[in-house]
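Visitor: I'm new to this one, so please walk me through it in plain words.
Guide: Happy to; let's take a look together.

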Amino acid sequence: MTQHSIHPVHDLIGVGFGPSNLALAIALEELAQRHGKALNSLFIEKQQHYRWHGDTLASQSELQISFLKDLVSMRNPTSPYSFVNYLKQHDRLVDFINLGTFYPCRMEYNDYLRWVGEQFAEQSAFGEEILRIEPERASNGSIEQLRLVSRDAQGREHARYTRSVVVSTGGTPKVPELFKPFKDDARVFHHSRYLSGVEQLQLAQGRALRIAIIGSGQSAAEAFIDLHDSFPAVKVDMIVRGSALKPADDTPFVNEVFAPFYTDLVFSKPPQERASHIQEYHNTNYSVVDQGLIERIYAVLYRQKVARQFRHAVMCRQQVEAVTDAGEGIELSLRDLTLGTQQTRRYDAVILATGYERSSHRQLLAPLEPLLHNYEVDRDYRALAVPELKAAVFLQGFCEASHGLSDTLLSVLPVRSEEIGQALYRALGKAAPASETLRAAANA
Ligand SMILES: Cc1cc2nc3c(=O)[nH]c(=O)nc-3n(C[C@H](O)[C@H](O)[C@H](O)COP(=O)(O)OP(=O)(O)OC[C@H]3O[C@@H](n4cnc5c(N)ncnc54)[C@H](O)[C@@H]3O)c2cc1C
Ligand SMILES: NC(=O)c1ccc[n+]([C@@H]2O[C@H](COP(=O)([O-])OP(=O)(O)OC[C@H]3O[C@@H](n4cnc5c(N)ncnc54)[C@H](OP(=O)(O)O)[C@@H]3O)[C@@H](O)[C@H]2O)c1
């Protein structure tokens with residue numbers, strides 16, 4: 001039953017406290033100084049203890065973006081929330097410089113994000129999952145407030161009220177239809193549950209299991225190398241629909257599609273041109289692997305040939321056509337997409353490195369759906385809505401189709417969070433006149 005605990009009406013509730021809303025919390029703190037007014041904001045995170053894609057944090061995994069694209073530096077390199085300041089505070093700045101890399105390991109970046117989050121403890125609630133976002137209709141029909149219903153770790157429901165919401169709930173693991181009947185089977189799991197899934201398989205006890213990895217993106221490649229490095233008895237087949245493992249294009253000219261100015265460029269185009277742009281640069285992010293990792297996988301396979309001991313395989317052009325529980329294992333029927341031939345292979349476990357969907361905002365905002373324009377947003381990420389919906393709804397991470405490929409990534413967080421922050425001040429009628437803002441900025 002929903003507990004109607006007495007809560008203030010917030011100016012803003014942020015749903016999820018991952019990188020997108022962490023960046024927003026920092027931007028709002030700066031804007032509060034500039035506008036001379038702080039928003040009454042709260043960020044709600046379903047994890048009890050924050051971890052950044054925590055169940056995928058294999059020890060070798062590295063950030064795929066320069067640390068200079070942290071939560072704030074591109075907007076304000078003097079911010080105390082920079083990655084460089086995190087290093088300084090943890091007495092590792094010199095050692096990090098000695099590493100000579102732009103790409104810290106993801107475990108360290110996870111720790112950086114947690115360190116930033118701790119500094120906003122008073123504006124955050126952990127261990128509560130938002131279940132739905134509902135309109136609160138006033139007697140004149142207009143909707144000035146939203147009601148957010150959450151569930152805590154004890155299963156109790158809570159209601160909170162807010163004048164605006166920023167939904168930043170990230171991706172949802174994509175499970176292909178054929179594997180859906182195995183959702184409660186510990187032998188089949190999505191890569192988002194990699195570490196706990198592997199632990200349940202008890203590989204550390206030297207079990208000689210055969211494991212299939214489905215997919216050929218960064219997640220699949222990281223799982224392959226981690227299983228190879230960590231569990232010498234395990235045999236892995238990477239099952240790939242495409243014709244080869246392909247490298248992520250991160251060359252400098254192409255990388256400009258992740259620059260802040262590119263958002264304007266994409267947004268200014270008609271929908272068809274936006275879609276073809278995203279398709280053209282798909283290989284910067286999706287179904288691709290960091291080149292160094294591809295080379296490591298190739299070297300592993302080559303050494304097998306030299307030793308004539310064939311432990312792993314990368315099987316390209318293979319379509320999974322059926323999945324059967326064969327008692328002793330999971331049987332995959334595979335069709336060779338070039339030859340048309342069929343084979344059945346039995347595995348002890350299957351890891352689905354099959355990517356992510358971006359749909360959680362639709363579930364949360366379903367009660368508002370009749371008031372929205374199919375979740376389309378304006379340039380400042382505010383959902384387009386009918387005039388009676390006065391409460392502002394913003395989306396982060398669900399706007400790739402209109403704002404470009406950086407939308408699901410870390411690439412433009414410092415700039416996007418400022419854009420949303422400014423739009424929030426305007427929507428809530430709290431923006432200081434331009435002249436005052438300029439004066440405050442000059443004095444800051
Ligand atoms: C394994 C992996 C590695 C990645 N590495 C990189 C990288 O190196 N560089 C890069 O640019 N991008 C990377 N990405 C892309 C990733 O989307 C971004 O890095 C980043 O996590 C996006 O931040 P976010 O806050 O929008 O979403 P998320 O990080 O997904 O955060 C969403 C948060 O919302 C919480 N949440 C979800 N639903 C609810 C709810 N109903 N109520 C309350 N809380 C909720 C979640 O627990 C989570 O903490 C990676 C993605 C994955 C899966
Ligand atoms: N170290 C890191 O920073 C790190 C680690 C992991 C992930 N990431 C990021 O996370 C994001 C997602 O990467 P990801 O590797 O998880 O996903 P992804 O790039 O979307 O790749 C998904 C893979 O699954 C395959 N696939 C999807 N549905 C399938 C089906 N029904 N049958 C067979 N194969 C199927 C796809 O094949 P097709 O190509 O044939 O469609 C593709 O190879 C990216 O931004 C990536 O950079 C980063």
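**Around the two ligands**

Visitor: What lies 3.2 Å from an N or O atom in the side chain of glutamine 47?
Guide: That's an oxygen atom of ligand 1. Keep in mind that this is a predicted model.

Visitor: Okay, and how much of ligand 1 does the protein cover?
Guide: Taken on its own, ligand 1 has 980 Å² of accessible area, and the protein covers 89% of that.

Visitor: How many residues surround ligand 1?
Guide: There are 28, and the closest are Ser20, Glu45, Trp52, Gln64 and Thr408.

Visitor: What lies 3.5 Å from an oxygen atom of ligand 1?
Guide: A polar side-chain atom of arginine 358 does. Proline 19 joins in through its backbone: an N or O atom there is 3.2 Å from a ligand 1 oxygen.

Visitor: Which element gives the most to the shell around ligand 1?
Guide: Strand β6, with three residues. Helix α1 (19-35), strand β4 (41-45) and strand β6 (128-137) each put at least two residues into that shell.

Visitor: And how do the residues of that ligand 1 shell divide?
Guide: You get eleven nonpolar, eleven polar and six charged residues.

Visitor: Let's switch to ligand 2. Which residues come nearest to it?
Guide: Ser216, Ser219, Glu222, Asn285 and Ser287 come nearest, out of 22 residues around ligand 2.

Visitor: What is 2.6 Å from an oxygen atom of ligand 2?
Guide: An N or O atom in the side chain of serine 219. Serine 287 also takes part, with a side-chain N or O atom 2.8 Å from a ligand 2 oxygen. For glutamine 64, the distance from a side-chain N or O atom to an oxygen of ligand 2 is 2.8 Å. You've met that residue already, as Gln64 is among the closest to ligand 1.

Visitor: Nice. How much of ligand 2 does the protein bury?
Guide: The protein buries 79% of the 920 Å² that ligand 2 exposes when taken alone.

Visitor: Which helix gives the most to the ligand 2 shell?
Guide: Helix α6, residues 218-230, with three residues. By class, the ligand 2 shell has six nonpolar, eleven polar and five charged residues.

Visitor: New topic: the surface. Which residues form a nonpolar patch there?
Guide: Leu68, Phe102 and Tyr103 do, and together they have about 290 Å² of accessible area.

Visitor: Where is leucine 68 found?
Guide: In the loop between β4 and α2, where α2 spans 83-89.

Visitor: Why does leucine 68 count as partly exposed?
Guide: Because its relative accessibility is 43%, and partly exposed runs between the 20% and 50% cut-offs.

Visitor: How about tryptophan 115: buried or exposed?
Guide: Buried, because its relative accessibility is 13% and the limit for buried is under 20%. Tryptophan 115 sits in helix α4, residues 106-118. Its C-alpha is 7.6 Å from that of tyrosine 86, though the two are 29 residues apart along the chain.

Visitor: Last one. Where is valine 415 found?
Guide: In helix α13, which covers residues 413-427. Valine 415 is partly exposed, with a relative accessible area of 23%. Between valine 415 and glutamine 123 there are 21 Å in space, C-alpha to C-alpha, and the pair is 292 residues apart in sequence.

Technical notes. Residues are numbered from 1 along each chain as its sequence is written. Chains are lettered from A and ligands numbered from 1 in the order in which they are written. This is a predicted model: local features need pLDDT of at least 70, side-chain atom pairs count only at pLDDT 80 or more; totals for chains, interfaces and linings use all residues. Side-chain values use heavy atoms; hydrogens and water are left out. A residue is near a molecule or strand if one of its heavy atoms lies within 4 Å of it. A polar contact is a pair of N or O atoms within 3.5 Å; within protein, one must be able to donate a hydrogen and the other to accept it, and residues adjacent in sequence count only if both atoms are side-chain atoms. Accessible areas come from the Shrake-Rupley method with a 1.4 Å probe; for residues, only the protein chains shown count as cover. Helices (H or I, at least four residues) and strands (E, at least two) are DSSP runs, numbered from the N terminus. Ala, Val, Leu, Ile, Met, Phe, Trp, Tyr, Cys and Pro count as nonpolar, Asp, Glu, Lys and Arg as charged, and the others, Gly among them, as polar. Patches are made of residues with over 30% relative accessible area and no salt bridge: like charges are joined within 9 Å, nonpolar side chains (Val, Leu, Ile, Met, Phe, Trp, Tyr) within 5 Å. A salt bridge is a side-chain nitrogen of Lys or Arg within 4 Å of a carboxyl oxygen of Asp or Glu. Buried means under 20% relative accessible area, exposed over 50%, partly exposed in between (1.4 Å probe, protein chains only).
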